Amino acid sequence: MVTETNATRNPIAQQIETPTQESCQATFALEGMTCASCAMRIEKGLKKVVGVTDAQVNLATERATVTYDATQTGPEQMMKKVEAVGYKAIPLVVPTPKPAPVAPVVPELQQESNAQTTLGLEGMTCASCAMRIEKGLKKVAGVQDAQVNLASERATVTYDPAQTDIEKMMQKVEAVGYKAFPLDTPTPQIVPTETEQTSVENASVDVASTPVATFGMIQEDERSKRKAAELIRKRNLLILGVVLSLPVVILSMFFMNAFPGENYLLLALTTPVWAIVGWDFHRTALKTLRHFGANMDTLISVGSTAAYIMSIVATFFPHIVGSVTFYDTAALIITLIYLGKYLEARAKGQTNDAIKKLMGLQARTAHVMRNGQEVELPIEQVRVGDELLVRPGEKIPVDGVVLSGNSAVDESMITGESIPVEKTEGEPLIGATINQRGLLRMRATKVGTDTVLASIIRMVEQAQGSKAPIQRLADTISSVFVPTVLVIAALTFIAWAILGTVFGVQTASVMGSSNSAWITAIVAAVAVLVVACPCALGLATPTAIMVGTGKGAEQGILIKGGESLERIQAVRAVLLDKTGTITKGKPELTDVVTLSNFSENEMLRLAAMAEQGSEHPLATAIVEGAKTRGINLATHPERFTALAGQGLEATVDSHEVLVGTRGLMRERSIAYEALEEQLSMLEEHGKTAMLVAID
């Protein structure tokens, strides 16, 4: 009897590696970027910071990944640099400095220990607040380290309980103008002795492995809320722009000068569009101007403002520039570009769903043995070396190894293999997989960002934030595009002005005024500014990478980066893991082969009735296959015994039935050599053979 499934397991868990520890890498969320020029300005600024070896800024994900030497610089200097160029940076992932090597200690000092606690914070509004609290906490006597996270509004503090306590830390936070409250009980951190360092996994707590993955979920939730609120604000402003711009366009195009005071009505309708809807463009343009820069928003702001001011002059002083106004131009420029900004923000919000789904796979709590008692703790408080209990139906909290117990674990979310994997003492366990049956006692070996799931999340994030070669070219072009457009617009204005005033080129028929040479020049320059905005140039590639890698992650496909996506067009051969990729990932009964006097249906009936007592996917496939063939399975086995990792034995209708692997048949001294050729042939086609012995 054969069921179709995958013969080999996907070794993805073994292939994923954690980042090298030779240099530090930090990830920042960025606010205030509107175009590719903004991203290039931040990237260039970060690369100028002493100690920064590389910086990658992604416009679509609004993140910066910085590689740096921790002995020369730190996140604080990078955040200040980003603020100096006119934007805002929020630390998302900041590595904890590696602890210095522990020198040999005298016996009476071997029991020295530190503690770590987490404080909730209130009152922070920006990155400067977080840095102020962090500096204050580090000044408290006995505090070894303090990490403040603005997004999650938490502080993680490592300290010596002999010198300070939580109360003093809370007082210090209040002294610098904020509020703090404890979120957990201090976790002791044993300082390993020289001999203990040979078995750190069993004898010490992994101080450097801060569970950023779980905090990352909190940060993502906070950022999602802020982005949702920002999207609603953009939608409301867009509605305002559309409602006011439509009558402006209709009046300007079909009813120009149709009634007295029309220009005043157009001014009243256009002013809110230019001032309120367009404020995002004007604010960014002014901010970049303060730093002697220009970006895409500069083009929009200058173009719409020129049209708006020229129309005001034409409304109140028609004898100077003529009576023709351009309110419709100013309103449409802002409204249409703002529509693009809204759609862009909406698309970027939807592309992160894959990351959120991956984060949602991990367990939220764990049953940890502390001082001989079982305690339910949040997943972020689990440390390397902790002993955990996992009951049937629960998710494995973190990566670890089985200490005792027998069970089957569903690892399909990691490996793609639908068949549960039998786990016994010494077997490795992967966090977020599901324990199907049996109580497992395990020891945590990897927590936080070191787990397989966290590595997958990190890989997807890095892939979404990576730059394809074509994107680097687009970014380079975008960085010089805006200054080039401004120069071309200025030259256009000068050329038209010279043509009209010096050479007498007639433009009055076009502009409706004898003094229209300057007006023509202004309109031509504004047209250059408006049509030249290359938002798609800087946004198309990163958005495509985000969507591609995100959709791939949803389907269980990990794409390593933008370069891999770009090179895929040259692929000529593809190797696929069978189960769940080119098959449904669910075993099905395909063949029934008999050797005895039993008919196929009779043998299948007895085997299926025996398998009704099992929850194994192969058992389910046999039962469903029998039902599909119209076999009646009304009765249940009189006796049933599951044989872990081998199969089962049961008594059905007074027949002794044995269903399982070759190993089970050999153990029971049942000959199956006559079937070996057929078994090999079926297995070559990727099918899993189950042997049935009756009586």
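Two strands count as paired if DSSP finds at least two bridges between them; strands (E, at least two residues) and helices (H or I, at least four) are DSSP runs numbered from the N terminus.

The model is predicted: local features need pLDDT of at least 70, side-chain atom pairs count only at pLDDT 80 or more, and totals for chains, interfaces and linings use all residues. Residues are numbered from 1 along each chain as its sequence is written, and side-chain values use heavy atoms, without hydrogens and water.

**Exercise 1.** Describe the pairing of strand β19 with β13 and with β14.

*Solution.*
1. β19 covers residues 440-446, and β13 covers 387-390. The two are antiparallel, with four bridges.
2. Within this pair, Glu387 has Arg443 of β19 as its bridge partner.
3. β14 (residues 399-404) is also antiparallel to β19, over five bridges.
4. Here Asp399 lies opposite Lys446 of β19.

**Exercise 2.** Find the edge strands of the open sheet β16-β15-β18.

*Solution.*
1. The sheet has three strands in that order, with antiparallel pairing.
2. β16 (421-423) and β18 (434-437) have a single partner strand each, so one side of each lacks a neighbour in the sheet; these are the edges.
3. From one strand to the next the twist averages 40° (axes are lines fitted to C-alpha atoms; angles run from 0 to 180 degrees between N-to-C directions).
4. β15 (residues 407-410) joins β18 through three bridges, and Val409 has Asn435 in β18 as its bridge partner.

**Exercise 3.** State how many helices and strands the protein has, and what share of its residues is buried (under 20% relative accessible area, 1.4 Å probe, protein chains only).

*Solution.*
1. There are 24 helices and 25 strands.
2. Of 695 residues, 47% are buried.

Terms used
Buried means under 20% relative accessible area, exposed over 50%, partly exposed in between (1.4 Å probe, protein chains only).
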